Amino acid sequence: MGVPSAPRVFVSGLLPAPAMEQLAELDLGWWEGDNLSRERLLEEAARAQGLLTFLTDRVDEELLAAAGRLKIVANLAVGFDNFDLAAATRHGVLLTNTPDVLTEATADLAFGLLIAAARRFREGRDWLEGGHWQGWRPLLLAGQEVGGATLGIVGLGRIGRAVARRARGFDMRILYTASRRHPEAEDETGAVFVSLGELLEQADFVSLHCPLTPATHHLIGPAELARMKPTAVLVNASRGAVVDQTALLEALRAGRIFAAGLDVFEEEPIAPDDPLLGLPNVVALPHLGSATVATRTRMALRAVENLRAGLAGARPRDLLNPEAWHG
Ligand code: GLV
């Protein structure tokens, strides 16, 4: 359980073994269950010098005000919408994430959802399991063509760009929209910069890869869904709240868009009886974007590297709030 005279560190859940080994010389505690409660997180934060958090742990003013000894919080995720950066900077607490190491795995999953939703994998499976398969028919469960179609990427950062690289292999025409242009990614992938409105109107597939911020909260709402083609597929492997989930449910129910591939939801975990999960044209996964053994191990090692640097007084590699750094 670690060394009591060493810095106190609390981890929100058991990490892959190579990462746990690197924490062994610290005074280490970790949560053994599924969901670390808010109360327990606050209790642990109050005595820790370092926290290694999951994307479900809110690191806000309340937590930081009660965490007098805290130096660093290392998130096991590239997204950090669970962090209040300004509050952490005010309290002099360093925050880090895990970029780069999960890019390819997350792009794979987004592309998998795209194909699964376009080609009706879920309905096909239901058809088989329900004993409906009587024989081959020309238009049985016919879906949308992926090869040669137009893909609209919202947010051409690391993951969006990796999705664009995959799309090239499918001869897709690639459009993107973002808060700024990415000339290097345009050169590499042939992606063409357009407004969100143009992208929604022209794309056969819309894939979301922007971070969740006040500017992207409900970026895709009723008006945006109405601009999409009735044959279009929406893929979300970013954050659930980028989409207005109620509006999406209505659009899918009414057949205003063809299908959705969703790895993320406004509330996670989503209730198993949520009507969205019951729709035949929804392929849904429980936030598995980066979930391969190799990627999750790399993420854990990267978070531990950041945590140890912060505790040792060195500048962490993935520092999110450099204003808090007084090295
Ligand atoms: C996962 O959603 C991540 O942000 O790493």
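User: What makes the pair between the ligand oxygen and the V78 backbone a polar contact?

Analyst: In this predicted model, an oxygen atom of the ligand sits 2.8 Å from a polar backbone atom of V78. The cut-off for N or O pairs is 3.5 Å, so the V78 pair counts. G79 also has a polar backbone atom 2.8 Å from a ligand oxygen, and for H287 a polar side-chain atom is 2.7 Å from one. Both of those pairs pass on the 3.5 Å limit, too.

User: How much of the ligand does the protein bury?

Analyst: Taken alone, the ligand exposes 190 Å², and 88% of that is buried by the protein.

User: Why is R239 listed around the ligand, and what classes make up the shell?

Analyst: R239 is in the surrounding set, alongside L55, A77, V78, G79, L102 and H287. Membership takes a heavy atom within 4 Å, so R239 has one in that range. The shell splits into 4 nonpolar, 2 polar and 1 charged residues; Arg counts as charged, so R239 is the charged one.

User: Why are β3 and β4 called paired?

Analyst: Pairing needs at least two bridges, and β3 (residues 50-53) and β4 (residues 72-75) have 4, so they qualify. They run parallel, with G50 opposite I72 of β4.

User: What makes α13 (residues 293-311) a helix that packs on the sheet?

Analyst: Helix α13 touches β1, β3, β4 and β5. Contact means heavy atoms within 4.5 Å, so α13 has such atoms for each of those strands. Its direction makes about 170° with that of β4.

Key:
Residues numbered from 1 in each chain as written. Predicted model: local features only at pLDDT ≥ 70, side-chain atom pairs only at ≥ 80, totals over all residues. Heavy atoms only, no water. Polar contact = N/O pair within 3.5 Å; in protein donor to acceptor, adjacent residues only side chain to side chain. Areas by Shrake-Rupley, 256 points an atom, 1.4 Å probe, with all protein chains shown as cover. Axes fitted to C-alpha atoms, helices over the stretch in contact; angles between N-to-C directions.
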